[in-house]
Amino acid sequence: MHAHDYLKLRRRAAGLTIEEAQLRLDTALYGGGGFAGIDRRGQGDDFEQLRDPCADMVRLEAGLSIAGTRELSLIRVHVYSIDPVIYLHLGMGGTPHICRFCGCTTFDACFHGHGTCAWAGPDLCSSPTCLTADLKEKRRAA
């Protein structure tokens, strides 16, 4: 898994569209108005990004740009739950434990009705939702 795949997985696990994630990020960066009321030309962004309100999140999830410490902190606090250490580890070619369905990690476990998850496999957590998805995936493959 690559760092940008991890961001996409965590956004989807949070139930957010790319537009919703971008709006939350813009609100955290620039205040209440979201992208629409912000002139970002003075901040070195491409003109192309000015026309596309989802450019930042799209570029991060496509691996075309790399999130810095500030962006990772803002995403974690204001957009959706991520583990910045995992993102950086993946960016350096590491292979940490990440659930392939929800994207939780050892230090960013998901919560379900009975507490936090544990590892049910090398890339599968014990969340009932993930276990069910794994079972469905195995049935389709059979």
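A residue is termed exposed when its relative accessible area is over 50% and buried when it is under 20%. The legends below describe close-up views of a predicted model.

**View 1. The Lys138–Asp134 salt bridge in helix H7 joins an exposed residue to a buried one.** Lysine 138 has a relative accessible area of 53% and is therefore exposed, whereas aspartate 134, at 8%, is buried. Their side chains meet with an N to O distance of 3.2 Å. Both residues lie in helix H7 (residues 128-141), four residues apart, so about one helical turn separates them.

**View 2. Aspartate 123 and arginine 100 form a salt bridge between two loops.** The closest N and O atoms are 2.8 Å apart. Aspartate 123 belongs to the loop between strand S3 (119-121) and strand S4 (124-125), and arginine 100 to the loop between H6 and strand S1 (111-112); the pair therefore ties together parts 23 residues apart in sequence. Aspartate 123 is partly exposed at 32% relative accessibility, as is arginine 100 at 27%. Both residues belong to a salt-bridge network that also includes Asp134, Glu137 and Lys138.

**View 3. A buried salt bridge links helices H1 and H4.** Arginine 11 and glutamate 61 approach to 2.6 Å between their closest N and O atoms. Arginine 11 lies in helix H1 and glutamate 61 in helix H4, 50 residues apart. Both are buried.

**View 4. Tyr80 and Tyr87 touch the most other members of the largest nonpolar core.** This core comprises 21 residues, with at least two supplied by each of helices H1, H2, H4, H5 and H6. Beyond its neighbours within four places in sequence, tyrosine 87 contacts residues including Ala3, Tyr6, Leu60 and Leu72.

Methods:
Residues numbered from 1 in each chain as written. Predicted model: local features only at pLDDT ≥ 70, side-chain atom pairs only at ≥ 80, totals over all residues. Heavy atoms only, no water. Core = buried A, V, L, I, M, F, W, Y, C linked by side-chain atoms within 4.5 Å. Buried < 20%, exposed > 50% of the residue type's maximum accessible area, 1.4 Å probe, protein only. Contact = heavy atoms within 4.5 Å. Salt bridge = Lys/Arg side-chain N within 4 Å of Asp/Glu carboxyl O.
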